[in-house]
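These are my notebook entries on one structure, written down in the order in which I looked things up. The sequence and model come first, and the entries follow.

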Amino acid sequence: MPDLIPEAPPAAVQLHRGDTITVKADSLSGEGTSVGRHGGIVCFIQDAVPGDVAEVRLSKVKKQYLEGKAVRIVTASPHRTEPKCAHFGTCGGCRWQNLAYQDQLLFKRRRVADVFQRISGIDTIDVRPVLGCPDAYHYRNKMDYTFSNEKWLTADEFAQTVDRPHGLVLGMHLPERFDKILDLTQCHLQSPSGEGILLATGEYFRARDVDAYSTRTHTGYLRHLVVREGKNTGETMVNIVTTHDRPEEMKAYASFILGRYPAITTIVNNITDRKSMVAQGDRELVYHGPGVIRERLGPYHYRISANSFFQTNTVQAEALFEAVVALAGFNASDVVYDLYCGTGAIAIYISSHVGQVLGIEANESAVADAGRNAAENGVTNCRFVRAALPAGLDAGSAELAGFPAPTVVVVDPPRSGLLEKLVGKIIRLSPKKIIYVSCNAATQARDVKFFAEAGYAPGPVQPVDMFPHTDHVETVTVLSR
């Protein structure tokens, strides 16, 4: 259920599924819809932007809220703009291309402020203006595309087609439909060369009549195309994920794609026979280059393998890490625990500002990557350990042996936020400051309330827009004891 639903909703009105009502959209929901009110009840609206007055056909009627789709715009919002992509409204990758970018930032800030005020119950929290992305397009350094044997058709295309066409397609899943792939002819999320690699790859395998893996029959060869780019280094990785090994097929593809895009620095083939459609393999073969690329954030470079996690927006990752440094006000004697440290990106970035950093991460390969990244950057004051949280913070645990108590704790948890037990263990560590990085303002606000009740005063909240044209916004805040 969306996080903006009021805790004490008004009485339900007499509405039914399929009814059409007129609603003015006022704000963003954080889940791909706009929000308005009808008779005092919150209404979540698809295909409307804030400021629109729309006729909305209801798909869900609850006592607490309504959901529906805009079927006609009665009065267009002044915040509307023309979408750049021909696939807008179908693939779901950029839900807000029709909302002017500066207005996206304003509405995102408003949503963060509303969520913090309502959930944390703290009226005095200062939510700063959102740090926007310098280029609202071409910002992603990684894109995953899916192969399929059948082209999904729009309603208009289906009406004009007698027989549903078969043949290889390569593109994106439709929203909430893992069985439907939209064959992309363009994508403005990655660089123009990344888009070109997508189109050329589809063209190549289609011409050779190579089959895609089917989730129904569990047969077929091609699964995913993953393109990764070092935005600050110019390095590019092409990863073809397949069900099994076909060396001659991959050699021929590598030769073809290098002929089209000679700047590609590495080509790999990840192989898996798992039934789940995850864009990574259980083993890997390298067909060109070193099998990895490098990216640079500030003065540090990071080694990125096909299955490594790395922040998807390089430019905004730097802005996010700089916000961490600015809010933390580190000093050279600080001992920092970096929880959910991943491959060590934040730990390494802040290493020159503090005395020591202990990174804690449950994923074994991520811990290995973190140690390697630190060594390659000559960073000697970071140590990384594998441990599940919250158990890894138990007093006397082997992971903490020989490491002093923290003066600062940095947390960057998943969308679900911090487990209540972990909040308690952080409080018992009694750091001077807690730096909380989040991709979900609602769970962050909930956890801030817990820390505030334990005597930690919340400081400013700095939103950072990592994903333009989507609902998502990263937030950083500091809590001081």
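**Entry 1: the barrel**

I began with strand β1 (residues 20-28), which pairs with β4 in the antiparallel sense over 5 bridges. For my own record, strands (E, at least two residues) and helices (H or I, at least four) are DSSP runs numbered from the N terminus, and two strands pair if DSSP finds at least two bridges between them. The model is a predicted one, in which local features need pLDDT of at least 70 and side-chain atom pairs count only at pLDDT 80 or more, while totals for chains, interfaces and linings use all residues. Residues are numbered from 1 along each chain as its sequence is written, and side-chain values use heavy atoms, with hydrogens and water left out.

Within the β1 and β4 pairing, I found V23 opposite A54 of β4. On another pairing, β1 meets strand β2 (residues 34-38), again antiparallel, over 3 bridges, and there L28 has S34 as its bridge partner in β2. β1 and β2 form a hairpin with 5 residues between them, and G30 in its turn has a positive phi of about 95°.

I then followed β4 (residues 53-61) to β5 (residues 65-75), and noted 8 bridges between these antiparallel strands, with K60 standing opposite E67 in β5. Put together, the strands make a closed barrel of 5 that runs β1-β2-β3-β5-β4 with mixed pairing. Neighbouring strands of this sheet are turned by 50° against each other on average, direction ignored; axes here are lines fitted to C-alpha atoms, for helices over the stretch in contact, and angles run from 0 to 180 degrees between N-to-C directions.

**Entry 2: the open sheet**

Next I traced an open sheet of 7 strands, in the order β17-β16-β15-β18-β19-β21-β20 and with mixed pairing. Its edge strands are β17 (382-386) and β20 (457-464), each of which pairs on one side only. The average turn between neighbouring strands of this sheet is 15°, direction ignored.

Helix α5 (residues 314-328) packs on the sheet, where it touches β19, β20 and β21 (474-480), and its direction makes about 10° with that of β21; contact means heavy atoms within 4.5 Å. I also noted that α7 lies across β16 (356-361) and β17, running at about 165° to β17. Inside the sheet, β18 (residues 408-411) and β19 (residues 433-438) are parallel and share 4 bridges, one pair being V409 with I434 of β19.

**Entry 3: the second largest pocket**

I looked up the second largest pocket, which holds about 680 Å³ of space. A pocket is defined on a 1 Å grid over the protein atoms alone, as an open set of points where a 1.4 Å probe fits, with protein on both sides within 12 Å along at least five of seven lines, and lining residues have an atom within 4 Å of a point. Grid points are joined across faces, edges and corners, and the volume is the space filled by probe spheres set on the points.

Of its 27 lining residues, the closest to the centre are F309, Q311, Y340, G342 and D412. Both α6 (345-350) and α7 (364-376) supply at least two lining residues, and α7 gives the most, with 3. The lining divides into 13 nonpolar, 9 polar and 5 charged residues, where Ala, Val, Leu, Ile, Met, Phe, Trp, Tyr, Cys and Pro count as nonpolar, Asp, Glu, Lys and Arg as charged, and the others, Gly among them, as polar.

**Entry 4: single residues**

Is N440 buried or exposed? N440, in the loop between β19 and α9 (441-453), counts as buried because its relative accessibility is 13%, the cut-offs being under 20% for buried, over 50% for exposed and partly exposed in between (1.4 Å probe, protein chains only).

I427 lies in helix α8 (residues 420-429) and is partly exposed at 25%. Leaving out residues up to four places away in sequence, I427 touches F450, F451, A454 and Y456.

I checked the backbone last. A cis peptide bond joins L389 and P390, with omega about 10°, and P390 is found in the loop between β17 and β18. D209, which is not a glycine, has a positive phi of about 55° and is exposed, with a relative accessible area of 68%.
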